[in-house]
Amino acid sequence: YEFTGGLDELLGKHASKLQRLADFAMRRNRKPQIEVAREARAYAQAAMTGKLDKTRAMPFGGLPYTTSAFLPFDVREEDWLILIAAIRSGGKSTIARQHVGHNLVAGKTFVVFLLETSRRRWLCALAGMFAGVNVRPEALEEMRQLFPEKAKAFDEWMDWIESIMEHALWIFDDVFYLEDIERQVREINRRVRERQLSAALAAGHPPEVADKMAYGLDGVLGDHLHLVQCRKDFRGNREREVSHIGRTLKLLAKSLDLPNFWCAQMNRGPSAESRRPSLSDLRESGTLEQDADAVLLLHRPLENKAGTKQTGEQAVHEVELIQGKRRNGPAGISTELLMHLKEGSFEEVKKATDARPGVAKPAGGYKREEAKP
């Protein structure tokens, strides 16, 4: 308290003491190694006996076949930072909104950061997806006259969304800086965890059990990552800035054990060269694919299977969803989807009962290939 110098002088004079204090705080807050080993053993035993708690597993976007092929996203499998990438107007925001909407219906809690659209527009699009209506204002007016039952469904979904705001869903369209995003996520996660802990204790659970039940938020969605800004000066080097943003989001998700779904922009290479996208097509940073635990790539071919060009005038487009990376799961597989442009939703071509993604089951079943001499 008697020190009157500047910050640099304080750090230089007491650097070793401050480092010892920081190391002590980290050791004090860290779980003992034996406790971590016991948790890992219990998790493995629960998985082997079929008693694994699936409350934190997250199906993707109400697409059961895609979920079974890709495997559900789960923070216990270290699915912390998930990127949903596409070219401009490629459908990444639509499928991300669909993913959040279906998980909200399942009782999950989400924080959403919108960096290129408004909350009003996003909420109307969410209700329109569930009601199966076109969310453009002129289309809504026409729908109320021609299809009153759809208008009623739209109003009911809007009422439901309003009822979960600030309880299971938080939406920000005025937060653009990385530091503010991190602060909001930590604060809301803390409040949700305190609410869950109080509810578990009120239900009569022992404190150690209630503490495990109170894990906080279920997910974060950001649309999209390449529009996030930093207050830190990178001297105009946008690639370094994007790398810093991706790494910070990964560390945030890891520290809170919270899956972060972020839309990401791809360059024009796939469409210009008429090819399927790859991880190297992520825009402005090569480290994003390194930090991400999973990368989903949306590919809309120039022509559909019938050989017809896919233009904006068509109501339905054929889309391929590729799991380009999965740190602890299958990678390189894909599923076929139909994107309904007016309703803003995706539908699966194949169903969850199909044998394998994109491969028809042989008439004689699957046989092991004989070893050749």
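Which residues of helix 11 are buried? Among them are Glu 241, Val 242, Ser 243, Ile 245, Gly 246 and Thr 248, and the list goes on with Leu 249, Lys 250, Leu 252, Ala 253 and Leu 256. Buried here means under 20% relative accessible area, exposed means over 50%, and partly exposed is in between (1.4 Å probe, protein chains only). The model is a predicted one, where local features need pLDDT of at least 70 and side-chain atom pairs count only at pLDDT 80 or more, while totals for chains, interfaces and linings use all residues. Residues are numbered from 1 along each chain as its sequence is written, and side-chain values use heavy atoms, with hydrogens and water left out.

**View 1. The whole chain, with its 13 helices and nine strands.** Helices (H or I, at least four residues) and strands (E, at least two) are DSSP runs, numbered from the N terminus. Along the principal axes, the C-alpha atoms fill a box of roughly 75 × 65 × 50 Å. Of the 373 residues, 41% are buried.

**View 2. Helix 11 and what its buried side packs against.** Helix 11 has 19 residues and spans 27 Å from its first C-alpha to its last, close to the expected 27 Å; the expected span is 1.5 Å times one less than the number of residues. Its buried residues pack against strand 1 (81–86), helix 9, strand 5 (260–265) and helix 13. At the start of helix 11, a side-chain oxygen of Asn 237 comes to within 3.3 Å of the backbone nitrogen of Glu 239. Just after the helix sits Asp 257, with a positive phi near 55°.

**View 3. Helix 9 alongside helix 11.** The axes of helix 9 (residues 178–202) and helix 11 (residues 238–256) come within 11 Å and cross at roughly 10°. Axes are lines fitted to C-alpha atoms, for helices over the stretch in contact, with angles running from 0 to 180 degrees between N-to-C directions. The two helices are therefore roughly parallel to each other, a label for angles under 35 degrees. Contact means heavy atoms within 4.5 Å, and helix 9 brings Leu 178, Glu 182, Val 185, Arg 186 and Asn 189 to it. From helix 11, the residues taking part include His 244, Ile 245, Thr 248 and Leu 249.

**View 4. Helix 5, mostly covered.** Of the 14 residues in helix 5 (residues 92–105), 12 are buried, including Lys 92, Ile 95, Arg 97, His 99 and Leu 104. The helix is followed by Gly 107, whose phi is positive, near 95°.

**View 5. Asp 281, tucked into a loop.** Asp 281 is in the loop between helix 12 (269–272) and helix 13 (288–291). At 3% relative accessibility, Asp 281 counts as buried. Its side chain reaches the backbone nitrogen of Ser 278 at 2.8 Å. Neighbours within four places in sequence aside, Asp 281 touches Gln 265, Met 266, Asn 267, Pro 270 and Arg 275.

**View 6. Backbone oddities in three loops.** Most residues other than glycine have a negative phi, and most peptide bonds are trans. Glu 78, in the loop between helix 4 (64–70) and strand 1, has a positive phi near 65° and is partly exposed at 37% relative accessible area. Ser 89 sits in the loop between strand 1 and helix 5; its phi is positive too, near 60°, and Ser 89 is exposed at 58%. The peptide bond from Asp 223 to His 224 is cis, with omega near -5°, and His 224 lies in the loop between strand 4 (219–223) and helix 11.

Definitions and conventions: Parallel < 35°, antiparallel > 145°, perpendicular 65-115°, else oblique. Polar contact = N/O pair within 3.5 Å; in protein donor to acceptor, adjacent residues only side chain to side chain.
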